[in-house]
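Trainee: I am new to this structure and would like a close look at a single part, the sheet and what packs around it. Please take me through that part step by step.

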Amino acid sequence: MAEQERMVEAILFATAEPVSVSELAGRMPHGCDPAEALVHLRKRYEGRGVTVMKIGDAWALRTAPDLGFLMQRETVETRKLSRAAIETLAIIAYHQPVTRAEIEEIRGVSVSRGTVDQLLEMEWIRFGRRKMTPGRPVTFVVTQGFLDHFGLENARDLPGLKELRAAGLLENRPPPGSGPLKPDDEDAEDESPEGQSELFED
């Protein structure tokens with residue numbers, strides 16, 4: 001088992017993207033048990049500067065959360081999301097799988113193709129299964145890359161409504177659907193904060 005731990009450690013160290021148990025098994029010699037090796041390896045890394053973190057259905061070596069401040073000197077090129085993109089991403093994260101029509105109902109405004117394309121291009125959302133409803137609309141779900149970026153094991157780790165309100169990230173706004181859909185216009189949205197408080201309802 002010690003040798004299997006070493007192999008798993010080597011793979012996780014050399015791979016930038018999270019690796020699933022099946023991928024580990026495919027790289028390791030026949031008869032190895034990467035799942036058990038991961039359990040031992042995770043315990044061995046507890047309290048260290050690097051931890052073995054589960055991200056979705058995959059695993060990766062990541063800097064310990066409490067040491068993130070040490071990385072602040074790194075220069076990171078950020079791409080600012082529009083308000084429409086942030087709201088759309090939040091709805092998908094909290095309501096997945098969700099269709100475009102459902103997103104528009106929650107936001108109270110129509111969703112432009114560019115907003116969805118931007119999130120797809122960033123690989124923070126992907127297409128899910130089609131709904132078994134008339135027209136078989138496609139759904140959207142968040143990706144493993146989204147979970148990895150925000151240090152989440154799964155979408156259930158997202159903050160709840162009370163936490164977001166306590167942090168001042170939500171404000172009281174009229175319920176969605178109280179008026180006709182408006183175009184997904186950034187300037188208009190900035191002036192009229194309509195439909196935000198319900199983004200995070202279960």
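Mentor: Two strands count as paired if DSSP finds at least two bridges between them. With that in hand, take the hairpin of β2 and β3 in this predicted model. In β3, A58 is the bridge partner of I55. The two strands, β2 and β3, pair in the antiparallel sense, and 6 bridges hold that pairing. Between the strands of this hairpin there are 2 residues, and G56 takes a positive phi near 65°.

The hairpin belongs to an open sheet of 3 strands, in the order β1-β3-β2, with antiparallel pairing. Its edge strands are β1 (19-20) and β2 (50-55), each of which pairs on one side only. On the β1 side, 2 bridges join β1 to β3 (residues 58-63), and these two strands run antiparallel. Here A58 of β3 appears again, as the bridge partner of S20.

Next come the helices that lie across the sheet. Helix α1 (residues 2-14) lies across β1, β2 and β3, and runs at about 70° to β3. Helix α3 (residues 34-44) lies across β2 and β3, at about 140° to β2.

Helix α3 can be followed residue by residue. Its buried residues are P34, A37, L38 and L41. Seen down the axis of α3, these residues fall within an arc of 105°, so they line one face of the helix. The cover over the buried residues of α3 includes α1, α2 (21-27), β2 and β3. Both strands of the hairpin are thus among the elements named in that cover.

The last step is to place the sheet against the nonpolar cores. The largest of them has 24 residues, and L89, I92, I103, I125 and F146 touch the most other members. Strand β2 is one of the elements that give two or more residues to this core, along with α4 (83-95), α5 (100-107), α6 (113-121), β6 (139-142) and α7 (144-149). The largest share, 6 residues, comes from α4. A second, separate core has 13 residues, including L24, M28, A37 and Y45. A37 has already been met as one of the buried residues of α3.

Back in the largest core, I92 can serve as an example of the contacts. Leaving aside neighbours within four places in sequence, I92 is in contact with V98, I103, I125, F140, V141 and V142. Of these, I103 and I125 are also among the residues that touch the most other core members.

Terms used: Residues are numbered from 1 along each chain as its sequence is written. This is a predicted model: local features need pLDDT of at least 70, side-chain atom pairs count only at pLDDT 80 or more; totals for chains, interfaces and linings use all residues. Side-chain values use heavy atoms; hydrogens and water are left out. Helices (H or I, at least four residues) and strands (E, at least two) are DSSP runs, numbered from the N terminus. Contact means heavy atoms within 4.5 Å. Axes are lines fitted to C-alpha atoms, for helices over the stretch in contact, and angles run from 0 to 180 degrees between N-to-C directions. A nonpolar core is a set of buried Ala, Val, Leu, Ile, Met, Phe, Trp, Tyr and Cys residues joined through side-chain atoms within 4.5 Å. Buried means under 20% relative accessible area, exposed over 50%, partly exposed in between (1.4 Å probe, protein chains only). The arc is that of the directions from the helix axis to the C-beta atoms.
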